[in-house]
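Me: I am new to this structure and would like to understand how the terms used for it are justified. Could you take me through it step by step?

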Amino acid sequence: MTPGRPLSRPDSAPEPDPTADQATKDAMSNATTVSPAHSASTASTLITNIASLVTNDPSLGDRSPLGLVHDAAVAIEGDRVVWTGDQSKAPATDNRVDAGGRAVIPGFVDSHSHLVFAGDRTQEFNARMSGRPYSAGGIRTTVAATRAASDEELAANVARYLREALHQGTTTFETKSGYGLTVEDEARALRVAAAHTDEVTYLGAHIVAPEFAEDPAGYVALVTGEMLDACAPYARWIDVFCEKGAFDGDQARAILSAGKAKGLHPRIHANQLSYGPGVQLAVELDAASADHCTHLTDADVDALASGDTVATLLPGAEFSTRAEWPDARRLLDAGVTVALSTDCNPGSSFTSSVPFCVALAVRDMGMTPDEALWSATAGGAAALRRTDIGRVTPGAYADLTLLDAPSHVHLAYRPGVPLVTGVWRRGERVL
């Protein structure tokens with residue numbers, strides 16, 4: 001899968017109309033035109049005076065994968081983009097927003113997070129960063145706290161982390177269960193998540209539940225049986241942590257296959273801590289993404305390059321654990337589609353900042369600023385098999401981020417600086 005390659009779409013998202021008004025097209029060179037369902041002259045909002053606009057449409061602007069347009073404007077009608085191009089050719093509208101010579105990029109698509117949890121693992125992080133052994137329960141610590149929390153507490157936590165993410169430019173996110181590990185707690189985690197996003201993932205197979213420590217086969221049976229039945233109505237995706245100490249290849253295949261039979265599409269935590277079968281299994285089962293991808297053989301890379309599975313890289317995890325960085329350069333040079341995401345979770349990557357992950361990817365994973373931004377927007381959309389987000393072209397949702405900088409390169413050039421100064425989500429300015 002490469003930038004610009006068509007992706008399948010969720011049933012809930014209507015396909016943008018690819019046809020365009022030919023008269024308008026002829027009148028507007030170096031611009032993208034609107035579908036017959038929209039009229040540029042009635043666009044409800046026009047953002048103009050954009051120094052550089054990232055469209056992720058390689059037919060526009062500089063013809064790069066970013067489709068970078070200088071001195072640009074964007075027209076929005078309702079929740080959709082209806083026009084992009086040279087601001088000198090922008091359609092007339094009464095509602096104008098002056099970008100002030102700043103950059104506009106697609107809203108970030110955070111395609112891997114674990115936001116439904118309670119508690120805190122500060123002591124674990126402090127010990128790890130101080131070089132001291134720590135024997136507390138890791139994920140099991142979060143499981144205990146999450147089980148003890150009320151629905152209201154869990155919902156408040158999700159809302160808090162989503163506010164953080166929004167202020168850093170994230171307009172679409174995926175999130176998972178995985179800290180309940182009982183039928184009731186996994187189902188309620190997904191109910192909480194589904195109140196905030198359509199991109200909900202059932203991760204009952206995060207680790208073997210403590211009660212099944214001596215009977216992992218029994219837990220797999222629960223995950224693929226009663227728990228799946230209770231959780232499937234709230235989820236679009238199914239995930240499994242395929243790793244030593246969690247679930248092996250055969251167990252992971254059984255779990256993901258059961259989910260597919262219930263209408264859930266696979267994604268997989270693969271090859272994070274060691275070499276293993278996760279990536280090959282992801283491609284075999286047509287998983288939307290294989291996430292982490294730190295320890296890869298040449299055969300793993302070849303499999304990803306030949307299939308439609310996106311390699312989602314999560315540099316916050318390596319930062320927070322001082323682990324080996326994934327080799328993004330190796331994947332990109334092989335033609336693999338790469339996404340960048342936060343992996344926001346309380347244990348190994350407690351960040352909600354996609355800009356931070358972009359900076360890490362450029363500094364430590366061999367990505368260029370252009371590649372990192374594409375991976376955090378269009379790449380994240382590919383990992384969710386969406387074409388209506390992660391780009392600024394007619395028919396896509398009007399999810400935009402305004403940077404207090406003239407170029408997207410500043411995301412890596414000025415790491416840690418709060419550059420996001422405006423956010424539109426589904427056409428509404430929310431920041």
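Reply: Gladly, and please keep in mind that this is a predicted model. A good place to begin is Cys293, which is buried, with a relative accessible area of 1%.

Me: Why is Cys293 called buried?

Reply: The word buried is kept for residues under 20% relative accessible area, and Cys293 has 1%, so the term applies to it. This residue is found in the loop between strand 13 (289-292) and helix 10 (298-306), and Cys293 has a positive phi of about 55° although it is not a glycine.

Me: What makes a positive phi worth pointing out?

Reply: Most residues other than glycine have a negative phi. Asn56 is another residue to look at here, with a phi near 60°, and its place is in the loop between strand 2 (45-53) and strand 3 (69-77).

Me: How do you know whether Asn56 is buried or exposed?

Reply: Its relative accessible area is 9%, and as the limit for buried is under 20%, Asn56 therefore counts as buried.

Me: What makes the span of helix 4 close to the expected one?

Reply: Helix 4 (residues 151-167) has 17 residues, for which 24 Å is expected at 1.5 Å a residue, and the helix reaches 25 Å from its first C-alpha to its last. Its buried residues include Leu154, Val158, Tyr161 and Leu162, and among the elements that cover the buried residues of helix 4 are helix 3, strand 7 (170-173) and helix 5. Just after helix 4, Gly169 takes a positive phi of about 95°.

Me: Which residues touch the most other members of the largest nonpolar core?

Reply: That core has 87 residues, and those that touch the most other members are Tyr202, Tyr219, Phe247, Ile268, Leu304, Leu331 and Leu340. The largest share of this core, six residues, comes from helix 5 (residues 183-194). Apart from it lies another core, of 17 residues, among them Leu60, Val69, Ala72 and Val97.

Me: How do you know which residues of the lining of the second largest pocket count as charged, and how many are there?

Reply: Asp, Glu, Lys and Arg count as charged, and by that rule the lining of the second largest pocket has seven charged residues, beside eight nonpolar and 13 polar ones. The pocket has a volume of about 550 Å³, and of its 28 lining residues, Ile139, Phe241, Gln272, Leu273 and Ser348 lie nearest its centre. Helix 11 gives the most to this lining, with three residues.

Key. Residues numbered from 1 in each chain as written. Predicted model: local features only at pLDDT ≥ 70, side-chain atom pairs only at ≥ 80, totals over all residues. Heavy atoms only, no water. Core = buried A, V, L, I, M, F, W, Y, C linked by side-chain atoms within 4.5 Å. Buried < 20%, exposed > 50% of the residue type's maximum accessible area, 1.4 Å probe, protein only. Helix = DSSP H or I, 4+ residues; strand = E, 2+ residues; numbered from the N terminus. 1 Å grid on protein atoms, 1.4 Å probe; cavity = no way out; pocket = protein on both sides within 12 Å on 5 of 7 lines; lining within 4 Å. Points joined across faces, edges and corners; volume = space filled by probe spheres on them. Expected span 1.5 Å × (residues − 1). Contact = heavy atoms within 4.5 Å.
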